[in-house]
Every structure is written in C-alpha cells, then in structure tokens.
Amino acid sequence: MVDKKIGEKIKELLPSMDELADVMAPTYAGEALAPLSERISTNFIDKQPDMGPVKTGNTLTKVKKILPSLDELADVMTPTYAGEALAPLSERISVNFTDKQPDIQPARVDGVGEKVKELLPSMDELADVMAPTYAGEALAPTTDSPALNLDVKIEPINRIFADVMRAMCNIGLVVIFLFGALYFTGLYPGDNLNLEVMKWNEPATMFWKDVKGVTVNGYSWFLMSFTDPESDVIIGTSILALTPLVGALFMIPQSKGVLRILLIVITIEFVYAILRPLIMSVGGVG
Amino acid sequence: MGTKISIPVVAIVTLILVLCGVIFWGIFAGGHLTLLLWQKWAILIFLFTLVIGVIGPLSGVGGGVIFVGLGMAILPFHVDFIRGAGLVAALTTSLNSAPHFTKKGLSSMKVVAPLVVVSTIFSVVGGIVGLWVSNTFPQGSSYVKISLGVVLLLMLVALGTSKNVEYPKVKKNDKLSEILGIRGSWYEPTLNQVVEYRVTNLPIAMVIFAGVGFIAGMFGLGAGWANVPILNLVMGVPLKASVATSMLILAINDSASLWVYLANGAVLPLIVVPTVLGIGIGSRIGSRLAVRTKPKVIKYLVIGLIGISAIVNILQGLMGIGWINI
C-alpha cells in the first residue's frame, strides 16, 4: 500500500507527455483567440461538454484544464474545417447535427427512429457515393435534388457573383495549366528552368534579376513578355485575382442601399490593391 | 443523366496526359529516363502537395496552411515564393468551392460584404508588410519564419479552444447588422427544411477579421481556420454556413493580397503550377476519402506536422538572426 501511494505521488508529480505538450504553449492561451472563444462559448453553447471531475490546487492540472488535449484538438479540427480544400461537409453535418441544436428540432425524436436514422446513410452520403460527377465541389452532393428549390430565395447578386467566380476560375486555371504545360516542355528559349532551381532561394526581386535580367516593378515585367509561357502562367494567376473586382462590377448595378455602398468600397479597395504598385513604391519593390 | 465535364477537369487531364507523354517519350527515345534537376523538383513538389492535398480534408485543415508551414520549414525556396504559391493554392481552392455554396444560399454577399470591406484592405497591408520585411531586412526571411511559427502555434491553440456550434442561438441582431439587414437562409436536406439565420456582434467580428486578413496576407495562408470560429462563435452563423461563408471571404481576401505578391514577383510558375495541380487533385481525393473514413491518426499526424513546422520555423528563424546556434 505504501509503495502504491508513493508510486501514485510520483506519478502526480511527474508530468505526462500530454501535459508536457499542453504546457508548451501557455503564452498564447491568454491571448487574442483563447479568451474570445471562452467568452463566446458562454454566450452560445447551452450545454457545456462534460469535462469530468477536476483536481484543483495543482498548477499543472489547472493548465491542463485550460489548454486542450491532443484528442480535443483532433476532435475540434474535424467538424469545422472539413469544408475546406473541397472537402464535402455533408457527412459531418448529418452525423453531428442532433448533438446541439437549440432552435431547430427534427421532426422525429423517438429512440427507434433515431437508431434507424443512424444506421441508414444520409441523403448526402448516398449522393456522395452515387454522384461522383459533383464531388469536385464541397457541398455538391446535396445539390441537384428537386427539394433544394423549396422556398430558398437566392438573391440575384449572389447568383451573379457565383457565375463570375466560376467563369473566372475556369478561365484562369485553363490559362495556368495550358501555358504551364508549354512552360514545362522547355520550348521557349528564354526559360532556363535549371537556373531557376538554383536561384529560387533568393528573394523574389533578386531572383528575377538573376534569372531573366528583369527588374520587377508593377506588372509590366510579365505583361510585356506574353510570348513567354512563364509570363502567361502568371497572367493566368492574375485572372484568378481579378475575380472579386469583376464580380463586384457586375453586382453593383443589381444591388441597392447599403450593400451597394459596401460593394463600391470593395471595388475601390481592389482598384487600390491593383494600382498601388504603379502609383507608389511602397512595400518592398512595390 | 448527362455527364458534366468542367473545363478545369479537361485542362488537368490534358496536362497529366502531356506529362505522361513526355515521360514515355523520354523512356522510349533514350532507352532510359534521365530527369533534369528542375524536372525532379517539379515532380517532387507535385507529389509533396498531392500528399498535403489528400491529408488536408482528412484532417480537417486546409492544404494551404500545411503547405506554407511545412514548406517554409523544409523546402529550399525563398519564403516569398512559398507564400505566393500557398496563396494561389488557397485562392483556387476557394474559387472552386465558393460558387456552389453561394448559389445554394449557404454563403451570402450580405454577410460577407461588411467583413471583407475591412479584411480586404488589411490583407493587402499584410502582403505589403510581409514582402517588405523579407525583401528589406538582411534577415527578413528569418523574421517571417519566426512570426509564422508563432501564428501556427496560435492556430493550434485556437483550434483546440474553440468549440463550434452547429446552430448557435442568436436572440437579437446587433444594430449594425440590423441596419444592413443581414440574414441568410438555405435548404438543409438533413432537416428537409429551410434554415434561416441572423447574425450578431458584427462590429467585433469586423475588428477581428482585420487581424485575420492581415495574417492571411502576410503569410499567404487561407485562414479558414480563423474565419470559421469567428463566424460561428462570434457572429452566430450556423456552422455549415460559416464554412461556406469562409470560402467566399477567402476568395475575396486572397485575391486582394495576391496582387501584392504578383507585383513583387513572388509568384513563380515552377512552384505554382505543380502546387495548384497537386493540392487540387489531392484535395479531391482527400474529400472523397473523408466521406468514408477520417482516421484519427491522420489528424494526429497533421497536428504533429503543424506543431513541428511551427517549432522548426521558429528555430530556423532564431538561428537566422543569430540568437541561437544549433
């Protein structure tokens, strides 16, 4: 018994790997994002997760209580960000939905019904498997069912911007990949790709000076040499970057009130972002 | 039902066929394939970003964040080019997804407009500051690496401390969002009903988005990891709509800061093309796999990779400015 007690005391004194990992970042726990989430959690989450009994009086335990464990970190990462990088977020929504939903209640809440629901794949999951054509887009599987047209009023400006994004993205990617293929064939004599590999550890401005002998200033350095596939790839990238500006210009006539003012401000900001290097030399070689 | 073939798919398939053709030509013409230095690197970058693209959706973190963090730590390119490529990859990813979300009502310009008015200008400023630091100071790259390491650590803490809510309760709009009339709705098939939502705390969110925009522009990160909790927990936007709205915000913010990188020569096609291709294809494979399985080991792996990237970046930065000598 005595040995066991001593053993337990030693165990309490020594930090576990998890605790060590947790303690590694105490500096940031009190900063910007941490208190924010705590505060907001209080406002919005009715049902707090059950943390279990917590020993007090031990600094390490307190720190552990504040900082997330690796498990919590992994759990939290999944739901929120699954929508990124083209991930379908349908599965997460359908699986986790019944956990927390203060306002909206599903129609059936009986136990058997819930179990059957759990066993059967959701519409999203079925659609995911059945319709690979749409998997390129995050929420695609849920799309083309007739039910989606029910009572959802999509404002014209949203449709316009969606169309502009799709068109610009397609054009930009085609230009990038088409001229990318030409660039990688090495047919253009001005492109010395081996030299680029040897110099790519230099800052951008120095790199272009050493590789192509051009001074990077604004956009003329790639716009003026459009016969070079390398420049064309960069032009393709510029097409992608033009998307919001083109979208805003199309949306402004269709919008009204404060939204129109906001769109005009966004347009001005984009024009500034694009023209800034041409009108002033601020920010590196701007 | 007819089969839809999008232009990017055709372009990607064409490129892959061309690459395969070049490789086969090399094999049959010369009897063996001798790769030049740049060819080895192009293939390496493609495979590297392909793997990142696959594990991104499986872990729930955007591929761009892993690429920039890990890339700065282990790849030999200058930080300017890594940030430029990361930004282009994040932009193409969001431009691919956002139209779909927007057409279904999951993301709305009414919600996005007041936020991007602030974040756009700050992402431009972030891009200017980031490139100014790396180009002006002799140890500029080291400063960028240290600050990126700190941001990555902050990101891990933010991920761990924010517990997102599927449908947050918003009792009352704040005055500003009331004036702007910010509301949203979409059809939720799992409920078979239209979900309507309204937002709150818009002024606070605008201030936070300014900081997020700055960080995204400075490091070439997508910053969806910050956008989603702000939208969900601060503004009370439902989780599904938060992810969609975040995509739309990224599409606008990243475009704005990309102009700074373009004007400073920080977009290098030799890195950008394989990166966009690798992350694009990888994320599609990853998103398919994520529907069926989300192995926890991948999440641990990505947490570990981001944590290690953060520490390596900080150590490299500190060595670069001569504070430590390992």
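Chain A of this predicted model averages a pLDDT of 65, with 45% of its residues scoring at least 70. Two stretches deserve a careful eye. Over residues 19-56 of chain A the pLDDT stays under 50, and the model has 49 contacts beyond four places in sequence for them. Residues 76-110 of chain A also have a pLDDT below 50, and this stretch has 107 contacts in the model beyond near neighbours in sequence. Among the helices and strands of chain A, confidence reaches its lowest mean, 29, in helix α3 (residues 26-29), while helix α14 (residues 229-251) has the highest, at 94.

Chain B has a mean pLDDT of 83, and 88% of its residues reach 70 or more. Here the lowest confidence belongs to helix α1 (residues 7-30) of chain B, at a mean of 62, and the highest to helix α8 (residues 202-219) of chain B, at 91. For the model as a whole, the scores are ipTM 0.82 and pTM 0.70.

**A look at chain A**

Chain A is built with 15 helices and zero strands. It has 286 residues, of which 37% count as buried. If you take the contacts in chain A between residues at least 6 apart in sequence, 62% of them join residues at least 24 apart.

One residue to find on screen is Leu195(A), which sits in helix α11 (residues 193-199) of chain A. Leu195(A) counts as partly exposed because it has 15 C-beta neighbours inside 10 Å. From Leu195(A) to Phe207(A) is a step of 12 residues in sequence, and their C-alpha atoms are 9.9 Å apart in space.

**Helix α4 of chain B**

Now turn to helix α4 (residues 79-103) of chain B. Its 25 residues, at 1.5 Å a residue, should span 36 Å, and the end C-alpha atoms are indeed 36 Å apart, so expectation and model agree. Follow α4(B) along and you will come to a kink of about 30° at Ser97(B), shortly before the proline Pro99(B). The helix is mostly covered, with 25 of its 25 residues buried. Just after α4(B) comes Gly105(B), with a positive phi of about 85°.

**The hairpin of chain B**

Chain B also offers a pair of strands. Strand β1 (residues 183-188) and strand β2 (residues 193-198) of chain B pair in the antiparallel sense over six bridges. Within this pairing, Tyr187(B) stands opposite Val194(B) of β2(B). The two strands form a hairpin with four residues between them, and Asn192(B) lies in the turn.

**Two asparagines to compare**

Most residues other than glycine have a negative phi. Two asparagines of chain B have a positive phi of about 55° although neither is a glycine. Are they buried or exposed? Asn192(B) is exposed, because only 12 or fewer other C-beta atoms within 10 Å are allowed for that label and it has 12. Asn201(B) is buried, since the label needs 20 or more and it has 20. Their places in the chain are set out below.

| Residue | Phi | Place | Other C-beta atoms within 10 Å |
|---|---|---|---|
| Asn192(B) | about 55° | loop between β1 and β2 of chain B | 12 atoms, exposed |
| Asn201(B) | about 55° | loop between β2 and α8 of chain B | 20 atoms, buried |

Note on methods: Residues numbered from 1 in each chain as written. Chains lettered and ligands numbered in written order. Predicted model: local features only at pLDDT ≥ 70, side-chain atom pairs only at ≥ 80, totals over all residues. Expected span 1.5 Å × (residues − 1). Bend = angle between axes of the 7 residues up to and from the residue. Pairing = 2+ DSSP bridges. pLDDT = per-residue confidence, 0-100. Contact = placed C-beta atoms within 7 Å.
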